[in-house]
Amino acid sequence: MTRLILASQSPARTKLLTEAGIRHDVLVSDVDEDAVQAKYGVTDAHDTALLLARAKAEAVASLPEAEGALVIGCDSVFEFDGESHGKPYTAEVARERMLRMSGSQGVLHTGHWLVDCRDTAADADDEAADGTGATVGAVSSAEVHFARMSTSDIDAYIATGEPLHCAGSFTIDGLGGAFIRKVDGDPHAVVGLSISTLRDLLVHANVGITELWAANTQ
């Protein structure tokens with residue numbers, strides 16, 4: 001049975017995989033995102049999302065618990081007015097961003113990185129190994145269009161705490177969905193993990209996504 005490990009503590013990502021019928025385990029990395037960005041000096045939102053996804057996937061892939069599994073790491077960065085926005089963390093930052101985003105649009109980039117940690121060497125009986133040694137990534141992006149938000153809407157949303165720990169200060173699968181008019185692109189990318197992108201990456205490991213469907217374990 002092929003094991004998939006999600007290198008993320010995001011409840012939205014594991015919920016998305018679960019609802020898509022994909023069995024997986026969760027193993028959180030201890031990657032210091034600020035340190036990674038400082039080391040590589042990446043400022044472009046697209047490249048930053050991929051860089052951080054790779055850092056998370058490779059950190060988890062190096063752990064003993066990942067032996068024999070496939071590891072998928074993800075990270076999301078919101079691009080607005082030429083700036084890269086991660087999590088705001090404070091109400092002040094979230095409010096300033098949302099006032100600017102009201103009635104406008106930006107692009108949410110979600111980076112994905114897959115590492116095949118399965119054995120690549122034949123066993124003692126000369127049977128071929130399943131592992132490919134693949135380490136591949138891709139970015140799925142979607143343009144998000146926001147409705148006009150009143151200051152009372154913004155303050156009420158921030159008071160819930162939801163936008164403080166989300167890239168770009170919003171969600172589409174939670175309370176923030178009320179303020180999104182439309183999405184051009186993969187809506188799963190806005191949640192934080194594109195199922196179709198995962199499917200494409202699994203091809204490099206010679207794994208079909210249907211092999212990970214929970215129904216296939218019964």
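The lining of the largest pocket is made up, by class, of 15 nonpolar, 15 polar and 11 charged residues. The model described here is predicted. In total, 41 residues line this pocket, and Arg-13, Lys-87, His-165, Cys-166 and Ala-167 are the ones that lie nearest its centre. Six elements give two or more residues each to the lining: the helices α1 (11–19), α2 (33–40), α3 (45–61) and α6 (187–191), together with the strands β3 (69–80) and β4 (83–85). The space in the largest pocket comes to about 1000 Å³.

Two of these elements can be followed further. Helix α2 has a polar contact at its start, where a side-chain oxygen of Asp-32 comes to within 3.2 Å of the backbone nitrogen of Asp-34. After α2 comes Gly-41, which has a positive phi, near 65 degrees.

Strand β3 leads to the aromatic residues. Across the whole structure, a search finds five aromatic pairs. In one of them, Phe-78 and Phe-146, the ring centres are 6.0 Å apart and the planes stand at 85 degrees; planes over 60 degrees apart count as edge-to-face, so this pair is edge-to-face. The pair joins distant parts of the chain, since Phe-78 belongs to strand β3 and Phe-146 to strand β6 (residues 135–146), with their positions 68 residues apart. Both Phe-78 and Phe-146 are buried. Along with Phe-80 and Phe-170, they form one aromatic cluster.

Key
Residues numbered from 1 in each chain as written. Predicted model: local features only at pLDDT ≥ 70, side-chain atom pairs only at ≥ 80, totals over all residues. Heavy atoms only, no water. 1 Å grid on protein atoms, 1.4 Å probe; cavity = no way out; pocket = protein on both sides within 12 Å on 5 of 7 lines; lining within 4 Å. Points joined across faces, edges and corners; volume = space filled by probe spheres on them. Helix = DSSP H or I, 4+ residues; strand = E, 2+ residues; numbered from the N terminus. Nonpolar A, V, L, I, M, F, W, Y, C, P; charged D, E, K, R; others polar. Polar contact = N/O pair within 3.5 Å; in protein donor to acceptor, adjacent residues only side chain to side chain. Phe/Tyr/Trp six-rings, centres within 6.5 Å; stacked < 30°, edge-to-face > 60°. Buried < 20%, exposed > 50% of the residue type's maximum accessible area, 1.4 Å probe, protein only.
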